[in-house]
Amino acid sequence: MRHIVVRPESCTGCRLCQLTCSAQNFRLNTHKAARIGIVPHFPEGYFEVHLCNQCGVCQSVCLVEAISVDANGAYVIDESTCIDCGACVDSCPQQAIFRSPASPHPYMCNLCGACVANCAAQALTWEEDQ
Amino acid sequence: MINGYGGSILRVDLTTGSVKREPVTPELAHDWLGGRAWIAKYMYEELPAGVDPLSAANKVFVATGPLSGTLWPSSAKIVWGTKSPLTGGYIDSNMGGLIMAELKYAGLDMIILEGASETPVYLCIEDDKVEVRDASGYWGKGSVDTEYALKRDLGEDFQIATIGPAGENLVKFACITHDVGRQAGRGGIGAVLGSKKLKAIAVRGTNPIPVANIEGLQKHTTSIIDYIKNTAFFPTFSKYGTTDVTDWCDSVGVIPVNNFQHAQYPKKDRINGKYMRQQMYVRDKGCYACPLGCSTYTYSKKYDVYVEGPEYETIGLMGSNLGMDSIEEIAVLNADVDNLGMDSISSGSAVAFAMELYQRGILTKEDFGGLEMTWGNVHAARAFLRLIAARQGIGATFAEGALAAARIIGKDTEKYVVQVKGLDYSAYDTHAAPAMMLAYMTSDIGAQHTRAWAIVQDINMGRGSTEGKGQVVYDLQHLRPLMEVLGVCRFPWLEVKVDWEDYVTALNLVTGQHYTTEGLFAFSEKVWNLTRAFWTREVDGFGRAYDQPPAKMYEEMPDGPTKGARVTQEMVDQLLDGYYQAYHWDQNGLPTAQRLREVGLGYVADDLVKRGRIRG
């Protein structure tokens, strides 16, 4: 299994990861449909990056058992089971489950990796599980 | 829906507070693309001839391009334009950051700001909801402080552009600030917003930008980023950004020192990018969709101040050109002018001019209200900048811009101001750089480096020679301004050598059209003729006399790598003759009616003939 590792100290806040994610997963040109979040902090000068780290809390709190793990190790919300109650969104320790007009249900990183390829600052990289 | 566009133009009448949306037509999109081309077109067509730049009849145009806010790398440009209160002619100036995308997500490609409010207001845009709101609570606040305050009050995900006290007080080189440290700096557009009492624009939108072939665009983008990451230039430029050029400018003798009296700086190791990173680095910062992240966000312990930058132009104009001791002095001056809301290039020029007048005994300590305007005196410079922003004491004179200040002061001081058309030189001396000098002389906003940064060609082709330099400038003036039509940054092309054709490919993937380089260059020539026509219409006696280099360039450089170099009138005439010929303009540098018709500006030709500005 592979994870995407975040190094927020390398993030420049350019949002190419979000633009790429939205294009890859929803075929939309926006950063606002992304499965990754960026929160700028100024004047202190840093960017918080919110990305699923496959901790599994969402699965344990889901009240309708809509969340499973796919073959790549990514957590996936089954849209036919999800009732959009928001329990997973609220409980995610990474604040990495998102809602947007692009989908009627919440979603998180599906480990497609499109963002990693486009993060020139290398704030996002692949890491193999030991 | 038009691919690549938000779809609407927002027209705001600040006199009445009314707003209306006008559709972007397929013809406007296809024939005029966007960005600075739209600005040039609307400015020529909508501004009454001879309009006072600070009157309610002037307008400010804020335009994105078809690539602004898209996935294409560094698609982060938005262009501001108006009739300049500093030069009396055409000005456009662009900024990076994130607001260009937000505007398009709100369905807007351009904002036209008309009229003037009686009381301070700001424009708040949330998709279809647009309001002109009271800004009395923000009036008087610094540019960056206002951005933080509005984000706190409206929400962190609003993107905000502001003016500072300098804009409110109509300082003629007041700028517009966004995303902490991105500015549309040049030509006093901030003062025009100040005259309209518009403190800020805040925008948030939710609609994705329609793209003809998003899969193709993503593939193209990923391949270009892969290329960029593997170039030899990328590690250096992403780390040092524009500051990387400091050492080079010093070594070849083009860095401005003490108001362009010298061109090599003994303290350059204390003001360069390496020293800056070592002393003050906080974070690399990137504009929207930019893999380069060339901006460096810094903190000066010595002055307890955060600033985005300094960039090279500020290092030159507010550092070596003022004789400052180190990057920390430059940082605090940069932070000051950012929050006051003044262009760091023209601010540097104004302070340098004042310091030279002090050096020569033309103005004294008493004239400066007790300030000792010696080279390197950071405290005096900081105080003087505050006087300018508040138009207090002698600051009121310099708030008019260095050239206008010289005309007020008299005593033959105009020769000490380094400018063209009233716009102060960027940070490249041209005692021995004819192409760069021609670029300044003929840039369509005054002496600005970005239209044609030809200094490298001067070094490569021979510094004393004018041979072939006209062509260099002509070519650059066709390609570079197109970046500000499309809404993208030039740095991927300039700094990591992304091929221009890849931009054209991206444009076609986004718009679904079939643009070609040949067609785009012809269009670029049309826009260049249009801005030249605007100057011809607005400025009495416009022509060759307005394309002259600063008097200082005729004086011998006393020392450094370019020791003994100076410009002659013969060189200047040669450069201009060749340049005007290349554009098919007349000997006085005016566009001919025939040429205007050939490039598709028949209605402009008719207008200028009718006004007696050119012959029929």
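**Exercise 1.** In this predicted model, determine what share of the contacts in chain A with a separation of 6 or more comes from residues 24 or more positions apart.

*Solution.* Residues 24 or more positions apart supply 59% of those contacts in chain A.

**Exercise 2.** Describe the order of elements in chain A and assess its compactness.

*Solution.* Step 1: chain A contains four helices and eight strands. Step 2: read from the N terminus, these elements follow the order β-α-β-β-α-β-β-α-β-β-α-β. Step 3: the radius of gyration of chain A is 14 Å, close to the 14 Å given by the globule rule for 130 residues, so chain A is as compact as a globular protein of that length. Step 4: the C-alpha trace spans about 40 × 35 × 30 Å along its principal axes, and 43% of the 130 residues count as buried.

**Exercise 3.** Is Asp90(A) buried or exposed?

*Solution.* Step 1: locate Asp90(A) in helix H3 (residues 87-91) of chain A. Step 2: Asp90(A) has 11 C-beta neighbours inside 10 Å, and a residue with 12 or fewer is exposed; therefore Asp90(A) is exposed.

**Exercise 4.** Characterise the surroundings of strand E5 (residues 90-95) of chain B.

*Solution.* Step 1: six of the six residues of E5(B) are buried, so this strand is largely enclosed by the rest of the structure. Step 2: Tyr90(B), Asp92(B) and Asn94(B) point one way from E5(B), while Ile91(B), Ser93(B) and Met95(B) point the other way. Step 3: strand E4 (residues 78-83) of chain B runs antiparallel to E5(B), and six bridges join them; Ile78(B) stands opposite Met95(B). Step 4: the two strands, E4(B) and E5(B), form a hairpin with six residues between them, and Gly88(B) in the turn has a positive phi of about 80°.

Technical notes
Residues numbered from 1 in each chain as written. Chains lettered and ligands numbered in written order. Predicted model: local features only at pLDDT ≥ 70, side-chain atom pairs only at ≥ 80, totals over all residues. Buried ≥ 20, exposed ≤ 12 C-beta atoms within 10 Å, placed from the backbone. Rg over C-alpha atoms; globule rule 2.2 N^0.38 Å. Contact = placed C-beta atoms within 7 Å. Pairing = 2+ DSSP bridges.
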